[in-house]
Amino acid sequence: MPDQPAQKAPVLEVRDLVKNFGGLRAIDHCSLSVREGTITGLIGPNGAGKTTLFNLITGFLQPDSGRVLADGQDITSLPPHGVFRRGICRTFQIPREHGTMTVLENLMLVAPDQAGEQFWNCWLRPGLVRRQEREIRDRAMEVLEFVDLARLANEYAGRLSGGQKKLLELARTLMANPRLVLLDEPAAGVNRTLMKKLAENIEYLRRERGITFLLIEHDMDLVMELCNPVIVMSEGRRLMEGRPEEVRRDPRVLEAYLGGQYGAA
């Protein structure tokens with residue numbers, strides 16, 4: 001378990017968020033913060049609102065009330081691409097790779113500010129476009145080496161195993177030079193060998209690249225090993241926050257998981 005870094009300003013703040021779906025209140029006045037340089041775990045029973053909270057933070061949903069701040073700036077009303085441009089990237093519980101594109105192409109597509117996206121550059125500045133494409137390709141291969149997928153660079157992404165797709169999701173976020181990465185169940189469907197590799201990569205990126213992580217995960221062994229602090233959600237709000245060993249012993253957490261108030265996810 002990593003030590004908790006010295007207290008720094010939050011890179012992300014959620015303030016009093018509310019989200020209703022018809023008569024169901026999925027997020028109920030939820031407030032939390034994620035401090036720079038941490039791997040913060042977000043846990044809770046099925047139906048606690050974790051993925052809905054991710055969707056609100058990243059602009060895929062708009063809250064009924066409350067605010068989301070990144071480095072003190074209000075990003076509540078930004079669409080997903082606007083949040084992405086603020087250096088906040090996410091993965092999904094079910095990977096969303098472009099299956100008919102190669103693994104390498106999946107990464108190259110993510111790189112921001114590509115000159116070739118402006119069609120006139122292809123006519124007026126072809127040298128710039130070609131040079132930048134080479135640089136992006138080289139960087140994409142470096143990222144694939146890092147996540148141990150370089151040997152599959154020319155394979156169609158749709159043919160990867162579930163665990164390999166999770167590694168590809170992480171690789172795609174790295175192509176965007178993120179400041180904060182939100183991971184939605186990165187270990188789900190991943191064998192123990194690949195999960196160990198994924199955990200090592202996340203810790204390395206936090207330590208060496210200064211990337212902050214917020215991750216939803218049901219694998220408690222991974223959470224206890226990797227995350228500090230851990231935030232517990234229950235019924236759409238933050239139940240508690242603490243070090244992994246504190247969370248594990250807290251009777252409120254045991255009640256939330258074992259109290260039987262939840263049905264399907």
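A salt bridge here is a side-chain nitrogen of Lys or Arg within 4 Å of a carboxyl oxygen of Asp or Glu. The model is predicted: local features need pLDDT of at least 70, side-chain atom pairs count only at pLDDT 80 or more, and totals for chains, interfaces and linings use all residues. Residues are numbered from 1 along each chain as its sequence is written, and side-chain values use heavy atoms, with hydrogens and water left out.

**Exercise 1. Salt bridges**

Task: Find how many salt bridges the whole structure holds, then work through the R25 pair.

Solution:
- Step 1. The search of the whole structure gives 19 salt bridges.
- Step 2. R25 pairs with D28; their closest N and O atoms lie 3.5 Å apart.
- Step 3. Set the burial classes: buried is under 20% relative accessible area, exposed is over 50%, and partly exposed is in between (1.4 Å probe, protein chains only).
- Step 4. R25 has 39% relative accessibility, so it is partly exposed. D28 has 15%, so it is buried.

**Exercise 2. Pairs that link distant parts of the chain**

Task: State where R179 and D71 sit, and where D219 and R192 sit.

Solution:
- Step 1. Fix the elements: helices (H or I, at least four residues) and strands (E, at least two) are DSSP runs, numbered from the N terminus.
- Step 2. R179 and D71 form a salt bridge at 2.8 Å, N to O. R179 lies in the loop between helix 6 and strand 7 (180–184), D71 in the loop between strand 4 (65–70) and strand 5 (73–74), and the two are 108 residues apart.
- Step 3. R179 is partly exposed because its relative accessibility is 32%. D71 is partly exposed at 41%.
- Step 4. D219 bridges to R192, with closest N and O atoms 3.1 Å apart. D219 lies in the loop between strand 8 (212–216) and helix 8 (220–226), R192 in helix 7 (residues 192–209), and they are 27 residues apart.
- Step 5. D219 is buried at 18% relative accessibility. R192 is exposed at 52%.
- Step 6. Shared salt-bridge partners also join E203, R206, R207 and E208 into one network.

**Exercise 3. Covered helices**

Task: Why is helix 1 called largely enclosed, and which residues of helix 3 are buried?

Solution:
- Step 1. Helix 1 spans residues 50–57; seven of its eight residues are buried, so the rest of the structure largely encloses it.
- Step 2. The buried ones are K50, T52, L53, F54, N55, L56 and I57.
- Step 3. Just after helix 1 comes G59, with a positive phi of about 85°.
- Step 4. Helix 3 (residues 103–110) is mostly covered, with six of its eight residues buried. They are V103, L104, N106, L107, M108 and V110.

**Exercise 4. T173: buried or exposed?**

Task: Place T173 and list its contacts.

Solution:
- Step 1. T173 sits in helix 6 (residues 162–174).
- Step 2. Its relative accessible area is 4%, so T173 is buried.
- Step 3. Contact means heavy atoms within 4.5 Å. Leaving out residues up to four places away in sequence, T173 touches C89, R90, T91, P178 and V181.

**Exercise 5. E142**

Task: Locate E142 and classify its exposure.

Solution:
- Step 1. E142 belongs to helix 5 (residues 126–146).
- Step 2. E142 reaches 56% relative accessibility, so it counts as exposed.
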